[in-house]
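Please open the model in a viewer and keep the sequence panel visible. The stops below proceed from the whole chain to individual side chains.

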Amino acid sequence: MLIVAGHLKVIDRDRYLEQCREVVELARTAPGCLDFGIGPDLVDPDRVNVFERWVGRAEVDAFRGAGTSGDLDGQIIGADVREFTADGETRL
């Protein structure tokens, strides 16, 4: 399993999140996507939290293609997003 987690700093958080709605919808229906979320931070008004969970690397690469582009890229002014691999899980 591949987990992507972290945060972005963006210029206009509400606008950025609205523009990400379609990305979230597409990701959640993509083959191999177990979970995908982008949401506002409760404390920092310029921060967007990112969480993704995928079956593996091939599924992430197939979904992302060339990555973000255009207006979304122009709104990101900082990022700390990392990938983690896991070979097991426990449901709580």
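Begin with the complete chain, coloured by accessibility: of its 92 residues, 28% count as buried. The model is a predicted one. Aligned along the principal axes, the C-alpha atoms fill a box of roughly 35 × 30 × 20 Å. The radius of gyration is 13 Å, which agrees with the value near 12 Å that a compact globule of 92 residues would have. Among contacts with a separation of 6 or more, 70% are between residues 24 or more positions apart.

Next, switch to a cartoon representation. Three helices and four strands appear, and their pattern along the sequence is β-α-β-β-α-α-β.

**The sheet**

Select the four strands. They form an open sheet in the order β2-β3-β1-β4, with antiparallel pairing. At its edges are β2 (33–40) and β4 (76–85), each of which pairs on one side only. From one strand to the next, the twist averages 10°.

Now restrict the selection to β1 (residues 2–10) and β4, which are antiparallel and joined by nine bridges. Within this pair, H7 stands opposite D80 of β4.

Move to β2 and β3. Seven bridges connect these antiparallel strands, and they form a hairpin with six residues between them. Here, I38 is placed opposite V50 in β3.

**The helices across the sheet**

Select helix α1 (residues 13–29). This helix lies across β1, β2, β3 (47–54) and β4, and runs at about 170° to β2. Then select helix α2 (residues 57–64), which also lies across β1, β2, β3 and β4 and runs at about 125° to β3.

**Two residues to inspect**

Return to strand β1 and select G6. At 22% relative accessibility, G6 counts as partly exposed. Beyond the residues up to four places away in sequence, G6 touches V48, N49, V50, D80 and V81. A C-alpha distance from G6 to R82 gives 6.1 Å, although the two are 76 residues apart in sequence.

Then select R13 in helix α1. Which side chain of opposite charge is nearest to R13? It is D14, 4.4 Å away; R13 is buried yet has no salt bridge. The separation exceeds the limit of 4 Å for a salt bridge. Leaving aside residues up to four places away in sequence, R13 touches P40, D41, D44, P45, R47 and V48.

**Salt bridges**

Finally, display the charged side chains. The whole structure contains nine salt bridges.

- Select R64 and E52, whose side chains meet in a salt bridge of 2.9 Å, N to O. Because R64 lies in helix α2 and E52 in strand β3, the pair ties together parts that are twelve residues apart in sequence. R64 is partly exposed, with a relative accessible area of 31%, whereas E52 is buried at 6%.
- Select R53 and E89, whose side chains meet in a salt bridge at 3.7 Å, N to O. R53 belongs to strand β3 and E89 to the segment after β4, so this pair ties together parts that are 36 residues apart in sequence. The relative accessible area is 23% for R53, which is partly exposed, and 59% for E89, which is exposed.
- Select D80 and R82, which form a salt bridge with their closest N and O atoms 2.8 Å apart. D80 is partly exposed, with a relative accessible area of 30%. As a last selection, take E52, R57, D61, R64 and E83, which are joined into one network by salt bridges that share partners.

Notes. Residues are numbered from 1 along each chain as its sequence is written. This is a predicted model: local features need pLDDT of at least 70, side-chain atom pairs count only at pLDDT 80 or more; totals for chains, interfaces and linings use all residues. Side-chain values use heavy atoms; hydrogens and water are left out. Two strands pair if DSSP finds at least two bridges between them. Helices (H or I, at least four residues) and strands (E, at least two) are DSSP runs, numbered from the N terminus. Axes are lines fitted to C-alpha atoms, for helices over the stretch in contact, and angles run from 0 to 180 degrees between N-to-C directions. Contact means heavy atoms within 4.5 Å. Buried means under 20% relative accessible area, exposed over 50%, partly exposed in between (1.4 Å probe, protein chains only). Lys and Arg count as positive and Asp and Glu as negative; His and the chain ends are not counted. The radius of gyration is taken over C-alpha atoms; the globule rule is 2.2 Å times the number of residues to the power 0.38.
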